[in-house]
Amino acid sequence: MNTNHGLDRGKIIACGVVALTGSLTVIFLLFLFSGVDIRTFDRTALVSILSVCSAFAWGVLLCRNC
């Protein structure tokens, strides 16, 4: 049984991919349920929201895996 809880490159990349995918899902579900037209939404705000959400999720995932 491997009890090594350290972070390696693969785990960091996997956490980043999961965080980005989860953030995209949450943002687009919020847009869907709130009725926001994504074509008229400000792209700078969309990228900023995505960056903040994925950074928060990535940080939580990395801290939980330490």
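A residue is called buried here when its relative accessible area is under 20%, exposed when the value is over 50%, and partly exposed in between, using a 1.4 Å probe and protein chains only. By that measure Phe31, with a relative accessible area of 11%, is buried. The model described here is predicted, so local features need pLDDT of at least 70 and side-chain atom pairs count only at pLDDT 80 or more, while totals for chains, interfaces and linings use all residues. Residues are numbered from 1 along each chain as its sequence is written, and side-chain values use heavy atoms, with hydrogens and water left out.

The overall layout is a good place to start. The protein has two helices and zero strands, where helices (H or I, at least four residues) and strands (E, at least two) are DSSP runs numbered from the N terminus. Its radius of gyration is 15 Å, well over the 11 Å that the globule rule gives for 66 residues, so the protein is more spread out than a compact globule. For this comparison, the radius is taken over C-alpha atoms, and the globule rule is 2.2 Å times the number of residues to the power 0.38. Along the principal axes, the C-alpha atoms fill a box of roughly 50 × 20 × 15 Å.

Surface and contact totals add to this picture. Buried residues make up 12% of the 66 residues. The accessible surface comes to about 5,200 Å², and 68% of it belongs to carbon and sulfur atoms; such areas come from the Shrake-Rupley method with a 1.4 Å probe, and for residues only the protein chains shown count as cover. Contact means heavy atoms within 4.5 Å. Among contacts between residues at least 6 apart in sequence, 76% join residues at least 24 apart.

Individual residues show where the two helices meet. Ser23 lies in helix 1 and is buried, with a relative accessible area of 4%. Leaving aside neighbours within four places in sequence, Ser23 is in contact with Leu50, Cys53, Ser54 and Ala57. Of these partners, Leu50 lies in helix 2 and counts as partly exposed at 21% relative accessibility. With neighbours within four places again left aside, Leu50 is in contact with Leu20, Ser23, Leu24 and Ile27. The C-alpha atoms of Leu50 and Ile27 are separated by 7.4 Å, although the two are 23 residues apart along the chain. Ala57 is also found in helix 2 and is partly exposed, with a relative accessible area of 24%. Not counting residues up to four places away in sequence, Ala57 touches Ala19 and Ser23. Within the chain, Ala57 and Leu46 are 11 residues apart, and their C-alpha atoms are separated by 16 Å.

The aromatic residues form a second point of interest. Rings of Phe, Tyr and Trp (its six-membered ring) pair if their centres lie within 6.5 Å; planes under 30 degrees apart count as stacked, over 60 as edge-to-face and the rest as tilted. The structure holds two aromatic pairs. One of them joins Phe28 and Phe31 edge-to-face, at 6.3 Å centre to centre with 70° between the planes. Both residues lie in helix 1 (residues 9-34), three residues apart, about one turn of the helix. Phe28 counts as partly exposed at 39% relative accessibility, whereas Phe31 is buried at 11%.

Ring pairs link Phe28, Phe31 and Phe41 into a cluster. Phe41 is found in the loop between helix 1 and helix 2 (43-64) and is partly exposed, with a relative accessible area of 25%. The C-alpha atoms of Phe41 and Phe31, 10 residues apart along the chain, are separated by 9.8 Å. Outside its neighbours within four places in sequence, Phe41 is in contact with Phe31, Val36, Leu46 and Ile49.

Charged and sulfur-containing side chains complete the account. Side chains of opposite charge can pair when their charged atoms come close. With a salt bridge defined as a side-chain nitrogen of Lys or Arg within 4 Å of a carboxyl oxygen of Asp or Glu, the count comes to one. The side chains of Asp37 and Arg39 form this bridge, at 3.4 Å from N to O. Asp37 is partly exposed at 32% relative accessibility, and Arg39 is exposed at 71%.

A disulfide is a pair of cysteine sulfur atoms within 2.5 Å, and a search of the whole structure finds zero of them. The sulfur of Cys53 is 17 Å from the closest cysteine sulfur, in Cys63, which is too far for a bond. Cys53 counts as partly exposed at 30% relative accessibility, while Cys15 is buried at 7%.
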